[in-house]
Amino acid sequence: MSLLAVLGVISSAIYSGTSLLYTTLGEVIDERAGIVNLGLEGVLLVSASLGFAVTKTTGSPYLGILAAVLAGGLMNMVFGYLVITRQANQLASGLAVMFFGYGLSALIGKSFVGAKINPLPRYVLPGLSRLPLVFSSLFKFDFLIFLVVPMAVLIWWLLYRTRWGLGLRAVGENADTAFASGRNPKRIRYQALLVGGLLAGLGAAHLTIAYTMAWSEYMTAGRGFIAVALVIFSNWDPLRAIAGALIFSAAVAFQLLLQSSGAQVSPFLLNTIPYLLTILVLIVWGGNRKQSAPASLGRIYLGSE
Amino acid sequence: MPATPTSHALPGPMVSMRGITKAFPGVLANDGIDLDIYPSDVHALLGENGAGKSTLVKILYGFYRADSGSVLLNGQPVRIQSPADARKFQIGMVFQDFNLIPAFSVAENIALFLPDLKPVIHPKEIDHRIEEISTRYDLQVNPHALVSQLSIGEQQKVEILKLLLSNARLFILDEPTRVLAPHEIKALFGVLENLRKDGYAILLITHKLNEVLECADRISVLRTGRLAGTLTRREASEEKLIAFMFEKSLAGLNRHAHAAARSDRPPILRLTNIATHSLGAQVGLEDINLDIYPHEIVGVAGVSGNGQKELGDVILGLQKCSQGHKELFGQEATSWSIGRVRQSGVAFVPENPLQMAVTPYLSVLENMALTRSRLYARLGGLRVDWGAVQADARESFVRFGFSVPSLFVPVRSLSGGNLQRMTIARELAFDPKLIVGSYLTRGLDLQSTLSARQALLDARQAGAGILLISEDLEELFTLSDRLIVLSRGRIVGSFLPTETDNYTVGRLMTGAKV
């Protein structure tokens, strides 16, 4: 395998991993506050379709990103209303939101299938501009890629070094304790879902506006669920999520490379590699380590008399 | 920082509660209660289970809202609608089961309750504040340790530190001594004494008379939701307090004549070199050798988390042992299923009945049938004879002198005491031959405690062997024919109760060499 191919895998992993990492960071925040958002797939789809539609209609990828981000926040608020205010089961609500988002995004994106958009401008990594074009073109990134690792650090800082983060983690561990400390667990959970939704929207925007630059039905192909698995892989730690998203995306890029290089394996089988990897990770990471899942993950907070 | 202690001759109360009334569905938990709490005063709130102590302090802390009545702070009426309000008025509370987050460090747990926590946290500054206060009140604990790694006594220190750093002036402590070893209780009382000197007010819930008389300046007794009376330490005596707590006087225990004739019979239970794997933070058993004979109560002392749960689980078969043998009634039983162990006549009262003994959403009646479903099955299991279950349940409640509100309410709605009574009645009903009882009287009031203890003594008289796991040394000394001490999963001491005393056992419990 040539150097170029390897670099191609890396570049492609960075591209596809960015949306995954934003989404995973959002889910880390949701779960740190005690909420499992299985509706993430639907949130991504609605954000992606709306972001793409707005970009196409207005011609501005930035307005598209804004629309996607707001849509993500709004979708998570719908989910939040179900699981926080109405105290519905988180898993059932998540699946409902997923299917709802699937249908809604198909409707929004229907007339945009196959459309072409103004992509997000890309910048060559500083210092690499002198390389031959074949190389430097692999390392031309948009601003969302440049921002994703600082974002992970920012989320870590928010969770571990701010009052807000301490309260949020407390709600995920024991909402009654958080309440006893004078906090409002329901409000904090809404806040967590809002931030999580904005981040998921950012991920969806990157996927459709910067990476694929196209909309097709169910284009997220399970990324929402992969993000949920990555949260477990990363042990609910935003910094470890960076590695998780990169490894998973490298697997995606690698199997694409195998396919394009004409490997004598069914492409359907190759397509499953990233998901096999996810299953493997869950098996290996499953129950034999010190668990650091938030203690009230998935529990409904009922409040007090 | 402590404010200047109120030094005038008659300081007014810091907090007054007037006419506090609170009803829960079916129960009047508090009925017009008046209470005055003074600075530099340890005020004990005494009463049986269900007397309304917890409800009253939870109203003061804003966890519940009173139906009527008022709270005055330094003579001014205030409205306490939530714990946040209570904290604003410098009222802090340590809950019975603590309110610490095990996955957080000590510092994080304390920071969570700091009223002046800045939006951006500076961990060093918080460590510094913790160290300052902990040295002052002799509450040393490592701020970076995870709470899950701390002992119960250390966790309590953290709770008190948390209140001190949150600027509370009134400390509410809900049964603080329940799970402490004797020397830890002593240390706690020392800390309370220092707090009192610095002008803090302390409201202490307990149902242990000797503790009240040891540390309280003022004692209020609640009985069935009403204030039975308030006494100062000087006025109080054991008899007076008991008279306030109970309308009728208590019957003593009937210990029967000592019928144990040990080694001439085969043991009911024999554990040989038992060991278990330790999972995560759990303790594994090591090298456990234990025989239990008919007509014998073997008490197991130990600080919780030192292998008591594992010991009970191994006997019942909930946990597999990695080494050693278990014999029940002379038969090799190491690999018996739980069902087979139970059928052979083993009864089990686990340490946490709500999790281990019942299914919360089924009714009391259904839970009573749970462990004997085969007995009540009719038509080959197609029908359950609920009439028989009911008759048996009522009979066993009468037999043990327990009352349970209704057989038809979900178990989830029972109070801790009622749940414990239900579990004991179910497990002891069919004259088991071996009883494994963990913290059998935890959460029970004096009356029910006596009933439960009497039931054990009666079972012993009838020939049962009993393993009694408890943290209440007084209980162990009263009931046991033999006493073993568990520490870090090993048996570190084995005594006749007459050979030893609280302090020896207490020291062994905490891993010290005698």
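**Chain contact and helix packing**

Visitor: How much area is buried between chain A and chain B?

Guide: Carbon and sulfur atoms give 65% of the area buried between chain A and chain B in this predicted model. Buried area here is the accessible area (1.4 Å probe) that two parts lose on being put together, summed over both, and for these two chains the value is about 2000 Å².

Visitor: How are residues and chains labelled, and what pLDDT do side-chain atom pairs need to count?

Guide: Residues are numbered from 1 along each chain as its sequence is written, while chains are lettered from A and ligands numbered from 1 in the order in which they are written. Side-chain values use heavy atoms, without hydrogens and water, and totals for chains, interfaces and linings use all residues, whereas local features need pLDDT of at least 70 and side-chain atom pairs count only at pLDDT 80 or more.

Visitor: Which residues form the salt bridge between chain A and chain B?

Guide: A salt bridge requires a side-chain nitrogen of Lys or Arg within 4 Å of a carboxyl oxygen of Asp or Glu, and the count between these chains is 1. With an N to O distance of 2.8 Å, the side chains that meet are those of B:Glu108 and A:Arg169.

Visitor: Which helix of chain A gives the most to the side that touches chain B?

Guide: Helices are DSSP runs (H or I, at least four residues) numbered from the N terminus, and H6 (143-161), H7 (163-173) and H8 (175-180) of chain A each supply at least two residues of that side. With 6 residues, the helix that gives the most is H7(A).

Visitor: At what angle do helix H3 and helix H4 of chain A pack?

Guide: Among the residues that meet (contact being heavy atoms within 4.5 Å) are A:Phe79 in H3(A) and A:Val97 in H4(A). Axes are lines fitted to C-alpha atoms over the stretch in contact, with angles from 0 to 180 degrees between N-to-C directions. The axes of H3 (residues 61-85) and H4 (residues 90-109) lie 10 Å apart, and the angle is about 150 degrees.
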